[in-house]
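Morning, everyone. Please bring up the sequence and the model. I will walk through a few residues.

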Amino acid sequence: MVTSVNPPPQPRTSPPELTDAWQQLGPPLPEGVRVRVLCAAYGDPRAAAELVPLLTERQAAGLDPLPAEPAALAPELLRAHRRAIRALPDDTRLLLLLAAADQYPVQTHAFLRAVAAAHLDTEALEAAEAAGIAHATAGGVVFRDAWTRIAAYESGSSADRRDMHRLLARVLHGDGESPRRSWHRGAGALGPSARLVAELGAAARGAREVGDHLLAGSLGERAAALSSDSRERSRLLSRAAADAWHRGDGDRARGLVASSDGSALGGMLALRSGNATEAFDALLTAGVRHARAALEQGNEGIGASVLNRSAEDQGPRSGPTERFGTADDPYAYPYATRYPHPDSQSSRSVPNPALDVAVHLLARATEAAVYTGDLRRCREAATVAARLGVIPPGTLAGLAAAVEGRYEDARNLLKAAAGRCGPGGDPTLLIHSGIAALLLGDHSGAERATVRAAASARARGETVTVPQAMEFRAYADFWTGRPRAAEAAAADALWQAYATGQDNGACHLQAALAMFAAVTGDGEVCRERAEAARTHARAHGLGLPAALALWALAFLDLSTGRFESAAARLRALAGFGPGHGHRAIRHLATPHYVEAAVRTGDTRVARAAHADYDRWATAVRSPDDLALSARCRALLAPGAEAVDHYRMALDLHGHGTRDFERARTELLFGSALRRLRQRTEARDRLHSALEAFETFGAPHCATQARAELRALGAPVTITSRPADLTARLTAQQLMVARMAADGATNREIAVRLALSPRTIDHHLRGVFSRLGIRSRIELVRLLGETGL
């Protein structure tokens, strides 16, 4: 049973300022744990330093959630704050208790009304102000920091706390204040009350409807604490866990799931932070269980024989079927049923919330299978869905079809999903629409969908969804020639993914940042990001980011002339099994593999890979994919036969959006023309490629273009350094430069960007080199002069 009134501190949306002190304690923590410790500590280095040694081995490894209660997070710090508060006069402490109850865990903005109703004298706050603990403003009391506010609340006796909540409840009678009044009524209750449980549950539903998941979760947890029915308590905690997950508090969600029967949400948590294979099993099993519940509720659209067949596949039932949603209680699993997927279909004739949940869970099971790269599991999920009479969302079904090589089916499914990108709407659907558009080569459509997804998620209070949207927005920026914007978006999303407990999403972002670093020439960063991604991916069965990280390393090799190494890495993509590789990434990397194979004289496998890639390009009809297929054909063609293929590739690029790949096609075409002694056109193509690479900030590719021009005997135009600092630096270098100029240490910058101090030192050396300066003092002056 939940006994605490107060949930733990919520994650911050931006990295806090820190000192080095707490980082010196104990062994290094995984990046995700380190970020979550900082969020739980409200950015207070003293609280973080105190928490780290208290973590269990599993918590320090990120396997178990962090402590939930403030007293377990920083007991010594709270004791010190409580001693300072207890030294104040009684009437001062009473006002501070009232203010803390009004602010934590949700803002109710009733302090001044409560003071007036109780005829309290606010002059007593002068003692708190003199002690530097809090001060009064026109809007109420402002505490020195979050831990002081928590201490002020916990310093009061249980009876005094209940009195303050009851007082606040009495004055909350305005329009829209009913849920907060219910919260205080519940917090002021002495013991179990069925009437209050019903009131708090209804208030939680109201808060959930407007996207206030912090208030909804707090109400749900308090209702669970006041319930004497164990089944009802478990159900309420499952809802509260879903609210915690939505608002981005992954640790709270994981702790609540462990105290409830939230097995379905447990599968979702495993998908985002645990082992993807285990997530698949949990989600598929939960999906079938919900479908059985739908049958027992009398759904006419699913035949008993169909469900019985799938039940046989899942093994014998271990107990009675549970009901996970009813027509008048659609919020049993708000993460699934609040925004049902309109592109999910079933044969049902009447609404059934349990079936909505089943559809959602089967879609997520398919997503887990896609993440693992396990073709067998993709087929298993599709088979079970078909037997249940439901179809998962189009993007996931399209991905599964593509992985199986059914390209025509994949194209149709993805086009249908990409077309659902209107304003507003379910953020998850919009993300899937963006993914579908990316796969179809519509990068502008992908950008629109993902921007709308992030905006919709923020409007609905679904903090957890924002980094997912930003991740795919980064890909859209990257392919359309905005690598700095892509890098900045991915770095920001990485922090948010870690802060919200989505370490698997962070792993994917690490791999994406490795690819961006490979393009922008940061070899050290590329290798560090790729190693971090591959290490996490191997431990969690994630084939997708593991393959993407290997592709990044291969591209780094390719762009620096290490063709044997690049070819070996890209061949390895085809050999990796589930959890280590991914057919989709192997497929997307085919143009680079063909280039590396041709450079090393091994074209047999490359021809087979290109044939499969050409099948996809022909099915999808994306100009960029067709252009890359034509480029592969040119690379594999002998001598002068390649020229027409290159011309076709460049003509197709002209109708596409992947400007970086167009520049690489011009580089390869220019090189081929040089060997064919067509000097004039070769020079023009190579100069065009060089200009594009300098604009993209891709120094290794620019070096290759210069080398070709020198081999041609043509003068190499040295581009003067641009006056705009943002054009001289990569996005990561610019962020590091700004933080360093603001006085942050290398360790502080490393924490904020989820990198190692050694990598930050590498970035700063690159900043100094590109800007032609030698010290931080010069950096401060230069950024000040330019207004950056």
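**Aspartates, rings and cysteines**

Let's start with aspartate 625. Setting aside neighbours within four places in sequence, aspartate 625 is in contact with Leu439, Tyr613, Trp616, Ala617 and Arg658. Contact here means heavy atoms within 4.5 Å.

Some ground rules. This is a predicted model, where local features need pLDDT of at least 70 and side-chain atom pairs count only at pLDDT 80 or more, while totals for chains, interfaces and linings use all residues. Residues are numbered from 1 along each chain as its sequence is written, and side-chain values use heavy atoms, with hydrogens and water left out.

Back to aspartate 625. It lies in helix 35, residues 623-636. Helices are DSSP runs of H or I, at least four residues, numbered from the N terminus. Aspartate 625 is buried yet has no salt bridge. Buried means under 20% relative accessible area, with a 1.4 Å probe and protein chains only. A salt bridge needs a side-chain nitrogen of Lys or Arg within 4 Å of a carboxyl oxygen of Asp or Glu. How far away is the nearest side chain of opposite charge? That is arginine 658, at 4.4 Å. For charge, Lys and Arg count as positive, Asp and Glu as negative; His and the chain ends are not counted.

Next, aspartate 249. It sits in the loop between helix 14 (230-246) and helix 15 (250-258). Its relative accessible area is 5%, so it is buried. Its side chain reaches the backbone nitrogen of arginine 252 at 3.1 Å. The C-alpha atoms of aspartate 249 and cysteine 39 are 9.6 Å apart, although 210 residues separate them along the chain.

Now the rings. The whole structure holds nine aromatic pairs. Rings of Phe, Tyr and Trp (its six-membered ring) pair if their centres lie within 6.5 Å; planes under 30 degrees apart are stacked, over 60 edge-to-face, the rest tilted. Take phenylalanine 472 and tyrosine 475: centres 5.9 Å apart, planes at 45°, so the pair is tilted. Both lie in helix 26 (residues 466-479), three residues apart, about one turn of the helix. Both are buried.

Phenylalanine 660 and phenylalanine 693 form an edge-to-face pair, 5.8 Å centre to centre with 65° between the planes. This pair links distant parts of the chain: phenylalanine 660 is in helix 37 (residues 659-675), phenylalanine 693 in helix 38 (residues 679-696).

Last, cysteines. How many disulfides are there? Zero, counting cysteine sulfur atoms within 2.5 Å.

Notes. Helix = DSSP H or I, 4+ residues; strand = E, 2+ residues; numbered from the N terminus. Buried < 20%, exposed > 50% of the residue type's maximum accessible area, 1.4 Å probe, protein only. Polar contact = N/O pair within 3.5 Å; in protein donor to acceptor, adjacent residues only side chain to side chain.
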